[in-house]
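Let's take a friendly walk through this model together. Have the sequence and the 3D view ready, and we will go from strands to helices to a single residue.

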Amino acid sequence: MTAVKLEDARRVISAAEKRAREIGQPMNIAVADEGGNIVAHVRMDNASIGSIDISMKKAYTSRAFDIETKELANHSQSGGEFFGIHVSNNGKIMIFAGGIPLKLDGKVVGAIGVSVVPAIKIKTSLRPVPPRSNPGGRTALQERRTNLCRITTLALTSASLTGTPD
């Protein structure tokens with residue numbers, strides 16, 4: 001019996017949609033159960049069709065490893081302990097930020113994955129942040145991706161599963 005029911009997934013998606021509307025960024029939002037199976041998915045109007053699969057894979061990956069995909073990405077760089085993990089599981093592993101485990105009473109019971117327009121589209125509308133306000137040398141695109149993880153986290157704080165959320 002899965003802890004993430006359709007009703008739960010809808011609440012999580014609703015919270016993520018609300019946050020996406022607040023920032024004016026249409027998204028694909030997927031919620032997976034404890035087995036990594038998709039319970040629900042929403043493609044908001046004008047969200048990229050190329051990101052549908054990505055959002056689902058982020059949810060699966062986050063549940064499969066019980067880790068935020070952003071963290072898995074950090075550990076999967078050249079020389080890292082998970083280098084090459086993205087080619088495992090028949091290509092189902094996604095190491096972009098945007099996948100976060102869902103917990104109930106301290107136990108991971110599922111995950112959410114969010115994805116937006118392709119990076120190429122974002123790059124055409126964003127410019128690098130000037131060095132004086134960007135000490136780490138990150139581009140606006142990287143900043144945007146980081147903010148998407150925060151969006152997901154904010155969405156999850158306003159939508160909880162039945163029980164005590166972590």
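Which residue stands opposite Ile38 in β2? Ala32 does. Before going on, a word on the source: this is a predicted model, in which local features need pLDDT of at least 70 and side-chain atom pairs count only at pLDDT 80 or more, while totals for chains, interfaces and linings use all residues. Residues are numbered from 1 along each chain as its sequence is written, and side-chain values use heavy atoms, with hydrogens and water left out.

Strand β1 spans residues 28-32 and pairs with β2 in the antiparallel sense over five bridges. Strands here are DSSP runs of E, at least two residues, and helices are runs of H or I, at least four, numbered from the N terminus; two strands pair if DSSP finds at least two bridges between them. The wider picture is an open sheet of four strands in the order β2-β1-β4-β3, with antiparallel pairing. Because β2 (38-43) and β3 (99-104) each have a single partner strand, they stand at the edges, and one side of each is left without a neighbour in the sheet. Neighbouring strands are turned by 20° against each other on average, direction ignored.

Two helices lie across this sheet. Helix α1 (residues 6-23) lies across β1, β2 and β4 (107-115), at about 30° to β2. Helix α2 (residues 52-65) lies across β1, β2, β3 and β4, running at about 155° to β4. Angles run from 0 to 180 degrees between N-to-C directions, with axes fitted to C-alpha atoms, for helices over the stretch in contact; contact means heavy atoms within 4.5 Å.

Finally, look at Ser115 in strand β4. Ser115 counts as buried because its relative accessibility is 6%, where buried means under 20% relative accessible area, exposed over 50% and partly exposed in between (1.4 Å probe, protein chains only). Not counting residues up to four places away in sequence, Ser115 touches Met27, Asn28, Ser51, Ile54, Ser55 and Lys58.
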